[in-house]
Amino acid sequence: MISLLRFLSLLVLVGLLGACASNRALESARSDFSDGDPVAALARLSQQVAQDPDNRELRTYYLNQRERLVLKGLAGAERMARAGQTEEAGRLYDEILGFAPDEPRALRGKAALKARARHAAMLDTAEVDLARKDTDAAMAAVRQVLTEDPLDNRARTLQRRIEAALAAANPPPAHELKGPFSRPVTLEFRDAPLRTVFEALSRAAGINFVFDRDVRPEAKVTLFVRDTTVDEVLRLLTATQKIESKLLNANSVLIYPATPAKTKEYRELVTRTFYLANADVKQAQSLIRQLVKIRDVFIDEKLKLLVVKDTPEAVALAEQLIKSLDVAEPEVMLEVEVLEVSRNKVRELGLDLPDQIGYGALDGSGVARALADGVVDLRSRGGLRPYIANPAVLLNLRQEDSDTSLLANPRIRVKNNEEAKIHIGDKLPVFTTTATANVGVSASVSYLDVGLKLDVKPVVMLDDDVEIKVDLEVSNIVKEVTGPSASLAYQVGTRTAGTVLRLHDGETQILAGLLQDEERSVGNGLPGVSDLPVIGRLFSSKKDTNNRTEIVLLITPRVIRNVAPPQVARALVPAGTEADVGAAPLTLHPTAANSLGLSGDRSPVSSGAALSRIFRAGQRALRATDRDPDPSEPGDAPADEAAASDGDSAEPPVPVGPLSIRVSGPSQVRAGDNVDVSIQVSGGGDIEGGKLGLRYDPGRIEAPGARIPGLLEVDLPSGQDDVTATATFLTKPGTIGTVAITPVSATVQRGGKTEQVAAGGGVNVSIAP
């Protein structure tokens with residue numbers, strides 16, 4: 001018996017020493033990572049794996065640590081690249097490629113750095129071309145950059161500047177008519193009949209006017225205009241006298257009352273067909289009906305076709321609105337990495353002694369005998385023997401230590417505000433039986449999803465941020481449950497997490513903490529003896545189990561395409577008036593002070609009575625700038641006499657005071673955006689232009705067109721009483737802090753003289769990353 005105990009103790013000691021030896025390499029590697037340089041520790045671990053390729057536990061630990069260092073390095077490199085520190089980003093990519101030469105993400109990142117440097121050089125050249133007014137070359141370079149990288153913020157900003165320069169160099173055609181309608185005239189009438197004013201215009205410009213029969217030509221009009229084109233005078237009259245005009249030919253105009261009946265009769269309608277590429281045709285229909293008030297609209301959802309019929313002005317406005325709506329939806333690529341790390345430890349050590357001892361009759365002879373059948377006569381105990389089950393003693397020497405990593409790396413492309421689903425796992429069949437009287441039993445099958453389910457719904461913002469709604473569920477089968485009629489069900493364990501987060505393009509978020517930690521300890525042995533210290537281990541067996549599982553989710557959004565607002569969406573589009581949607585705005589060219597006045601009784605529609613005789617004698621003088629008044633025309637008074645008669649009612653001139661200049665602008669912008677500075681010159685009088693110098697920090701912002709870095713000269717426009725100018729600056733990418741834009745000198749020409757003006761104000765702009 002003593003020799004047996006010594007043999008068992010020796011086996012236990014050998015098992016313990018073997019277990020310690022098997023974990024020595026792994027424990028050494030873990031110590032290196034916790035105490036030293038992780039990159040150097042990874043290199044040493046790589047050598048150990050190469051020397052012992054059959055050590056699966058060590059290899060699994062090496063792969064996990066390498067992936068962790070790769071993710072950490074990629075996050076740092078992308079962060080440095082976004083901040084403009086390309087050298088540091090390149091160093092981090094090279095470090096990753098040092099221990100993972102075939103890492104595709106590092107290779108792509110390094111290639112992106114080279115492309116970004118090339119794009120920066122191309123955009124610098126485009127800036128120079130734009131300063132030289134070579135918009136074609138600048139736009140070609142910008143388009144090439146945007147073709148390779150549609151999300152380049154600097155290229156987008158430069159594209160907007162080029163489009164603005166092209167719009168300024170090629171303004172839309174003016175609303176006024178050409179030919180005789182562009183001839184400037186000077187008219188002075190007080191309480192004159194409407195017919196008289198049109199006769200004066202006809203004589204001054206050689207234009208024919210045709211009146212509808214319902215126009216009241218005797219309606220009174222008071223009109224004072226100087227050096228104003230015939231087209232502008234005509235638009236003033238139609239806007240204030242409840243009349244409308246229609247061009248018949250190059251020098252003939254129809255005048256009719258501005259009533260709904262006459263408008264339907266004379267105003268022409270046009271039809272336009274739109275084929276939409278991105279927008280929903282029903283949304284476009286709702287848009288133009290709500291904003292443009294177009295009633296005649298036809299749509300075809302299959303062809304994404306929309307046909308409208310209305311006035312040319314309304315259709316032109318509808319076209320601008322449809323352009324702003326029909327843009328491509330944003331798309332985002334979601335890179336998801338789901339890592340399930342499982343560690344299982346099992347240790348079973350000790351003697352497994354029999355838990356039952358019997359006393360009865362045995363058949364056969366020898367050590368191994370069988371239990372006899374029948375019953376035992378307790379009065380005859382001569383053939384009874386004590387017995388135990390075979391094996392009599394079992395020595396348990398077992399230890400397991402396993403690490404399992406399940407990695408899923410799906411990449412899914414999603415449209416803006418759409419839901420994407422990822423399921424990695426199994427579909428388990430669940431059978432259900434149904435018994436029906438006089439029919440029998442029928443069975444049906446349904447499927448239960450078990451594994452990892454991930455639901456994501458991204459929303460792409462204009463600043464390339466992505467708001468993501470994440471729902472994660474991890475489930476596994478705990479046990480099978482048998483139901484009635486042999487039906488089978490499952491008890492499922494689940495772990496769920498749901499959140500809404502906002503990440504920038506390329507930013508990685510780690511969601512961890514879904515843990516399941518299970519510890520079990522089972523022991524058996526001889527009662528009483530197994531509880532003794534030291535010696536009790538020889539009469540007992542103990543089994544310790546430790547199972548630990550953790551779910552880690554890494555999600556990285558990559559914006560494939562963002563909303564690119566068209567030029568029309570960034571400008572104010574004239575929409576006419578409530579009564580005349582889409583009509584051209586009522587504007588005039590700059591005029592001199594006290595040179596415009598207009599009034600009337602706004603009642604040009606007749607009540608059916610005969611038109612009264614129009615007297616031209618006694619009216620105010622008519623002076624056309626392109627011809628002298630005709631003295632033979634009866635009723636025309638000399639110009640001096642007309643001017644003298646109006647002297648009492650003339651308004652006093654606007655007083656002229658000292659000139660002042662004020663500079664203002666935004667208080668905060670993002671790096672890479674424009675800074676538009678407004679310059680206002682006021683003081684009255686005839687301002688003939690001038691120059692203003694603005695000082696800025698050339699290390700943080702740039703000024704297109706500046707001949708001296710740090711100083712931009714702005715040309716002030718001409719105008720009456722006060723004028724406004726704008727200067728545009730561009731913040732450099734990666735710049736942060738506060739920069740000042742201050743005026744240093746200003747000269748203004750007014751009334752033929754040059755005045756030195758002290759400019760006030762200034763702009764302190766805070767630049768955010």
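## Hairpin, sheets and core in a predicted chain

Let's start with a hairpin: strand 4 and strand 5 form one, with 2 residues between them. Strands here are DSSP runs of E with at least two residues, helices are runs of H or I with at least four residues, and both are numbered from the N terminus. Two strands pair if DSSP finds at least two bridges between them.

A quick note on the input: this is a predicted model, where local features need pLDDT of at least 70, side-chain atom pairs count only at pLDDT 80 or more, and totals for chains, interfaces and linings use all residues. Residues are numbered from 1 along each chain as its sequence is written, and side-chain values use heavy atoms, with hydrogens and water left out.

**The whole chain**

The chain holds 14 helices and 32 strands. Of its 769 residues, 34% count as buried, meaning under 20% relative accessible area; exposed is over 50% and partly exposed is in between (1.4 Å probe, protein chains only). Among the chain's contacts (heavy atoms within 4.5 Å) with a separation of 6 or more, 70% come from residues 24 or more positions apart.

**Back to the hairpin and its sheet**

Strand 4 and strand 5 (residues 252–257) run antiparallel and share 6 bridges. Two of the facing positions can be named: lysine 246 stands opposite leucine 254, and serine 245 has isoleucine 255 as its bridge partner. The hairpin belongs to an open sheet of 3 strands, ordered 2-5-4, with mixed pairing. Strand 2 (208–211) and strand 4 (243–249) have a single partner strand each, so one side of each is left without a neighbour in the sheet. On average, neighbouring strands of this sheet are turned by 25 degrees against each other, direction ignored. Axes are lines fitted to C-alpha atoms, for helices over the stretch in contact, and angles run from 0 to 180 degrees between N-to-C directions.

Two helices lie across strand 2, strand 4 and strand 5. Helix 9 (residues 194–205) runs at about 155 degrees to strand 2, while helix 10 (residues 230–240) runs at about 140 degrees to strand 4.

There is some ring chemistry here as well. Phe198, Phe209 and Phe211 are linked into a cluster by ring pairs. Rings of Phe, Tyr and Trp (its six-membered ring) pair if their centres lie within 6.5 Å, and that rule gives a count of 4 aromatic pairs. Arginine 195 has its charged end over the ring of phenylalanine 211, 4.7 Å from the ring centre. For that label, NZ of Lys or CZ of Arg has to be within 6 Å of the ring centre and within 35 degrees of the ring normal.

**Another open sheet**

A further open sheet has 3 strands in the order 11-10-12, with antiparallel pairing. Its edge strands are strand 11 (370–371) and strand 12 (384–387), each pairing on one side only. Strand 10 (residues 358–363) is joined to strand 11 by 2 bridges, and leucine 362 stands opposite leucine 371 in strand 11.

**The largest nonpolar core**

A nonpolar core is a set of buried Ala, Val, Leu, Ile, Met, Phe, Trp, Tyr and Cys residues joined through side-chain atoms within 4.5 Å. The largest one has 29 residues, and Ile661, Ile679, Leu694, Phe729 and Ile741 touch the most other members. At least two residues each come from strand 23 (660–664), strand 25 (674–695), strand 27 (711–716), strand 28 (719–731), strand 29 (737–750) and strand 32 (763–768). Strand 25 gives the most, with 7 residues. Leaving aside residues up to four places away in sequence, phenylalanine 729 touches a list that includes Asp673, Val677, Leu694, Tyr696, Leu712 and Ile741.

**Odd spots**

Two residues other than glycine have a positive phi:

| Residue | Phi | Location | Relative accessible area |
|---|---|---|---|
| Aspartate 227 | near 50 degrees | strand 3 (residues 220–229) | 56%, exposed |
| Asparagine 417 | near 65 degrees | loop between strand 14 (411–415) and strand 15 (420–436) | 43%, partly exposed |

Finally, glutamate 550 lies in strand 20 (residues 540–561) and is partly exposed, with a relative accessible area of 24%. Its C-alpha atom is separated by 5.8 Å from that of glutamate 340, although the two residues are 210 residues apart along the chain.

Key: Rings of Phe, Tyr and Trp (its six-membered ring) pair if their centres lie within 6.5 Å; planes under 30 degrees apart count as stacked, over 60 as edge-to-face and the rest as tilted.
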